[in-house]
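Biologist: I'm new to this one. Can you put it on screen and walk me through it?
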Amino acid sequence: MSPSVTPDELRTLFLFEGLSDAQVRKLADSGDVVHAEPGWLYREGDAATCFYVLLDGHVSLHHQGGGDDLEIGRTRQRGVYAGAWEAYLGDGAPAGYTSSLRVLEPSEFFVLPAATFGRVVREWFPMAVHLLEGTRIGLTQAQKLTSERERLLALGSLTAGLTHELGNPAAALARTLAQLQEELRSLEGSVARLAPGLPEVPAAGSAVVPGDPLRRNEAEDALVDALDELGVEDPEDLAPVLVEHGLAAADLPTDPGTVTWFARTVAVRSLVAEAAAASGRISALLASAGNYAQLDRAPERWVDVRELLDAAISMLGAGAGRAVGNSRVATEYADVPQVLGHTGELVQVWTNLLDNALDALGEEGGTVTVRVHPDADGVCVEVADDGPGVPPEVLPRIFEPFVTTKDVGQGTGLGLDIAWRVVVHRHRGRLSVDSVPGNTVFRVWLPVEPQED
């Protein structure tokens, strides 16, 4: 049987010194003294069953982070407490311990069952419990919002550094490929002067290419047969390239050596063109990432919302008219004035709206349409999808914190709340939604120059 503690002993602890004699006696009768050897007294995540008060010894408090136990502090102070100290929250209390406690030398604790501790605190200090509940909820929400903001800032700094480092080699690659194309044209010209009878190599896209897959396959098969008869090596690899340049068997030279040179030259030119296109795509993605990482610039500047929308679309793996999974993103942009705004925050709004729209379409897919047009003294941005729509019971609360239509574990319910804060409070704009099955439209109106209320 565990030893008990006397009311006078509890009275020596700062935690209980303000209690009445009856309250101290009730605690003394409800708890036990527990002796603990060095080691873990409890671990974070274990069922929160007890409230611990240090009577004598040496302990350290730990929190888990990145898979490691991070020591928060050590103490020998009598009366410090740990464990299920939030039990006064009742059903809202964490089910598991929110920290770990390690005993560093043989120690003694006054231990109360969590249910008992929570009940007496609620009975004895009802006003304090209400205040603590409100403070906890407020701090939790502020911590989540601050954490998201800090992660966004960290992402912006990382992206800015990465795009800067990748920008130079990407630009060098583009210059090299452009120079290679010029050198290739010069080489073709030199060869043509040495052998005046050689045919001119056409540029990609300068001739009509069969659009029908069946006709394209027939043209490739005919070229494979023609190249094979002329003794050209690897005709199966060269035929698709020649068809891409709009060439047929009748367009080829009849000399085997000439046709080999011709086909290889066309193939090299095609490869260089593909590399140049890929290099351009890399540069465009880096530019989009740079636009996405505007958080380290001036807090407010004149921006074109269309550029920020393009950056958000690119960062989601799409582009105007391109597919994302089974869905497609289309843009309808009109000429609009620039607005005075916070770039990084607006990009976060567009990202949240686009991500929600694409998620609403699900695996079946559909179309997300982004429209931009002038409206009164501002700019209106619409993000529409042809998905199933927002449930009617959720629609009136869609911009409230922690309200989400996503499955459990797939959404925090903070994306639209953040969008509301950025648009309405930060930029003095408006954010609304209309939703019926097949047509859900989120509308953002931003004034050209926000005015303080």
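Biologist: Which residue stands opposite Thr369 in E11?
Modeller: Ala330 stands opposite Thr369. This is a predicted model, where local features need pLDDT of at least 70, side-chain atom pairs count only at pLDDT 80 or more, and totals for chains, interfaces and linings use all residues. Residues are numbered from 1 along each chain as its sequence is written, and side-chain values use heavy atoms, with hydrogens and water left out.

Biologist: In what sense do E9 and E11 pair?
Modeller: Parallel, over six bridges; E9 covers residues 327-333. Two strands pair if DSSP finds at least two bridges between them. Helices (H or I, at least four residues) and strands (E, at least two) are DSSP runs, numbered from the N terminus.

Biologist: How many bridges join E11 to E12?
Modeller: Eight, and these two strands run antiparallel. Val372 sits opposite Val381 of E12. E11 and E12 form a hairpin with two residues between the strands. Ala376 in that hairpin has a positive phi near 55°.

Biologist: Let's step back. How many helices and strands does the protein have?
Modeller: Ten helices and 14 strands.

Biologist: What percentage of the residues count as buried?
Modeller: 39% of the 453 residues. Buried means under 20% relative accessible area, exposed over 50%, and partly exposed in between (1.4 Å probe, protein chains only).

Biologist: Now E13. Which of its side chains are buried?
Modeller: Leu431, Val433 and Ser435, which point to one face. Arg430, Ser432, Asp434 and Val436 point to the other face and are not buried. In a regular strand the side chains alternate between the two faces of the sheet.

Biologist: What does E13 do with E14?
Modeller: E13 (residues 430-436) pairs with E14 (residues 439-447) in the antiparallel sense, over seven bridges. Ser432 is opposite Arg443 of E14. The two strands make a hairpin with two residues between them. Gly438, in the turn, has a positive phi of about 95°.

Biologist: On to the inside. Which residues touch the most other members of the largest nonpolar core?
Modeller: Val305, Trp350, Leu353, Val368, Val381, Val444 and Leu446, out of 39 residues in that core. A nonpolar core is a set of buried Ala, Val, Leu, Ile, Met, Phe, Trp, Tyr and Cys residues joined through side-chain atoms within 4.5 Å.

Biologist: Which elements give two or more residues to this core?
Modeller: Helices H8 (305-315), H9 (343-361) and H10 (415-426), plus strands E11 (367-375), E12 (378-385), E13 and E14. H9 gives the most, with nine residues.

Biologist: What is Leu353 in contact with, leaving aside its neighbours within four places in sequence?
Modeller: Val383, Leu416, Phe442 and Val444. Contact means heavy atoms within 4.5 Å.

Biologist: And why is H8 largely enclosed by the rest of the structure?
Modeller: Because eight of its eleven residues are buried. Among them are Val305, Arg306, Leu308 and Leu309.

Biologist: How many residues are in the other core?
Modeller: That core has 36 residues and lies apart from the largest one. Tyr52, Leu55, Leu89 and Leu112 are among its members.

Biologist: Tyr52 again. What is its bridge partner in E6?
Modeller: Val111. Eleven bridges join E3 (residues 50-65) to E6 (residues 100-113), and E3 and E6 run antiparallel. E1 (residues 32-36) is joined to E6 by five bridges, also running antiparallel. There, His35 is opposite Glu108. E2 (residues 39-42) runs antiparallel to E6 over three bridges. Gly39 has Val103 as its bridge partner in E6.

Biologist: How many disulfides turn up?
Modeller: Zero, in a search of the whole structure. A disulfide here is a pair of cysteine sulfur atoms within 2.5 Å.

Biologist: Is Cys380 buried or exposed?
Modeller: Buried, with a relative accessible area of 5%. Cys50 is buried too, at 19%.

Biologist: Last topic. How much space lies in the second largest pocket?
Modeller: About 380 Å³. A pocket is an open set of points on a 1 Å grid over the protein atoms alone, where a 1.4 Å probe fits, with protein on both sides within 12 Å along at least five of seven lines. Grid points are joined across faces, edges and corners, and the volume is the space filled by probe spheres set on them.

Biologist: Which lining residues are closest to its centre?
Modeller: Leu15, Phe51, Phe117, Val121 and Phe125, of 17 that line this pocket. Lining residues have an atom within 4 Å of a point. H3 (114-124) and H4 (126-194) each supply at least two residues of the lining. H3 has the largest share, four residues.
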